[in-house]
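Trainee: Please pick one part of this model and take me through it closely, with enough background to place it.

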Amino acid sequence: MRLSKFFLPVLKETPAEAKIISHQLMLRAGMIKQTGSGIYSWLPLGLRVLKKIENIVREEQDRAGAVELLMPTIQPAELWKESGRYEAYGKEMLRINDRHDREMLFGPTNEEVVTDIFRSYVRSYKQLPLNLYHIQWKFRDEIRPRFGVMRGREFLMKDAYSFDVSEEEARRSYYKMFCAYLNTFARMGLKAVPMRADTGPIGGDLSHEFIILAETGESAVFCDSELVNMPPPGLDLDFESDLLPEVEKRTKYYAATEEMHDQSKFEAEVPEERRLSARGIEVGHIFNFGTKYSEPMKANVMTSEGREAPVHMGSYGIGVSRLLGGIIEACHDEKGVIWPDEVAPFKSAVINLRQGDDACDAACENAYAKLEAAGFEPLYDDRDERPGAKLSTLELIGIPSAIVIGPRGLKNGVVEVKNRLIGTTEEMSLDAALNKLT
Ligand code: ATP
Ligand code: MG
Ligand code: MG
Ligand code: MG
């Protein structure tokens with residue numbers, strides 16, 4: 001991408017309405033624009049990151065055996081009346097009437113719709129286990145939308161729904177998602193800690209929230225510090241094997257959100273130097289809720305004993321758009337964002353310090369073409385701008401590595417290679433620079 005042809009409306013000043021660093025940086029780097037309270041337009045740079053995050057989530061869901069579909073954003077109220085949640089959900093649900101005065105709503109979550117799909121087609125235990133997911137916009141009329149995409153009203157969520165013939169099988173499905181979540185967040189450069197959580201209006205008995213620790217987090221959390229740096233199960237995990245040991249390796253340590261916290265248990269189980277009480281951001285939440293929806297909605301399957309029984313379900317959410325804020329909270333410095341490689345909007349950049357100078361232009365075009373060919377997704381700053389402005393934009397938007405080309409260096413046969421993460425600048429020949437990056 002040539003920056004002269006891209007749309008990157010960076011801001012010089014920090015907007016006063018943004019209270020936390022991730023929101024400030026997303027606005028300054030031209031990633032999002034507020035369109036209404038808690039409702040955002042995704043500008044091209046922000047959209048590129050959103051798509052990368054979405055893709056990591058998708059790949060890890062697929063790897064764990066979940067199957068993607070796409071359900072609508074607008075749902076009929078009838079389904080929610082069937083499950084009994086229509087009244088209970090309260091003011092967070094945006095209720096809409098269509099021209100025939102039929103009651104509709106903008107989906108805050110999809111248990112009802114997916115249960116209706118399931119019951120229309122699946123009759124037998126032989127078609128199970130099944131896990132269906134989608135990545136779709138949700139609307140929740142939050143009382144206090146704030147912190148940008150962290151707590152929006154319209155936001156992108158991945159939600160998966162598992163269907164099993166028994167409680168025991170349902171737990172196996174739960175463990176798959178538990179492990180898939182650890183791998184997903186690790187690929188984004190995040191340390192997400194699974195914590196015992198309240199099931200709230202979704203219901204059920206087994207539930208974990210995945211929390212990234214951050215001072216600006218909205219939840220108070222308590223855990224054993226051993227959990228924080230534990231490596232993920234890894235992408236070579238066999239999802240058909242028994243995953244309980246992987247889960248227990250983590251759940252044996254104390255970790256709870258505020259609602260589930262028990263101070264005396266915390267003190268009894270965790271040695272003082274490992275007691276971590278901190279703030280965190282909820283980036284994912286998984287639930288096993290049995291037959292809470294299948295019973296009222298009559299989603300039954302034939303068991304192997306030839307009996308009809310309500311299917312056992314679980315649901316598994318990831319806050320895809322919230323993750324942008326979460327990653328920036330975890331990965332930034334005073335100059336701007338520092339994207340982890342896998343989610344960076346561009347993997348590399350070429351900075352031309354003197355646009356219009358024949359030697360500089362030629363060297364930059366060459367570098368740009370080679371990085372592009374090598375799949376390095378380069379952003380080429382070919383604008384007619386001062387070097388200082390180009391370099392500060394580069395730092396603000398957080399591209400992991402850059403080749404900086406100027407007339408003085410070229411005379412000596414060198415360019416600069418900058419690494420955003422470790423903050424180094426090295427001089428070398430253009431060929432060496434290309435080798436280093438690709
Ligand atoms: P919170 O406690 O932050 O209100 P929640 O518990 O209501 O979230 P869930 O119903 O568990 O949310 O939804 C699954 C995931 O969707 C959450 O873990 C979170 O990452 C994301 N999410 C929920 N509400 C929002 C929101 N208003 N804006 C952005 N992401 C959200
Ligand atoms: Mg909520
Ligand atoms: Mg919550
Ligand atoms: Mg939750």
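Mentor: Let's go for the sheet around β6, starting with the chain as a whole and ending at the ligand. You're looking at a predicted model, so local features need pLDDT of at least 70 and side-chain atom pairs count only at pLDDT 80 or more, while totals for chains, interfaces and linings use all residues. On labels, residues are numbered from 1 along each chain as its sequence is written, and chains are lettered from A and ligands numbered from 1 in the order in which they are written.

The chain has 12 helices and 23 strands; those are DSSP runs numbered from the N terminus, with H or I and at least four residues for a helix, E and at least two for a strand. Its radius of gyration is 24 Å, close to the 22 Å that the globule rule gives for 438 residues, so the chain is as compact as a globular protein of that length. (That radius is taken over C-alpha atoms, and the rule is 2.2 Å times the number of residues to the power 0.38.) Among contacts with a separation of 6 or more, 73% link residues 24 or more positions apart, a contact being two C-beta atoms, placed from the backbone, within 7 Å.

Now the sheet itself. It's an open one of three strands, ordered β4-β6-β5, and the pairing is antiparallel; two strands pair if DSSP finds at least two bridges between them. β4 (74-76) and β5 (94-97) are the edge strands, each pairing on one side only. On average, neighbouring strands here are turned by 35 degrees against each other, direction ignored. (Axes are lines fitted to C-alpha atoms, for helices over the stretch in contact, and angles run from 0 to 180 degrees between N-to-C directions.)

Zoom in on one pair: β5 and β6 (residues 103-106) run antiparallel and are joined by four bridges. Within it, Leu-94 stands opposite Phe-106 in β6. As background, strands of a sheet pair through backbone hydrogen bonds, either parallel or antiparallel.

Which elements give two or more residues to the shell around ligand 1? They are β8 (154-164), β13 (275-290), β16 (312-319) and α8 (320-330). β13 gives the largest share, four residues. The shell has 14 residues, with Phe-155, His-285, Gly-317, Gly-319 and Arg-322 the closest; a residue is near a molecule or strand if its C-beta atom, placed from the backbone, lies within 6 Å of it.
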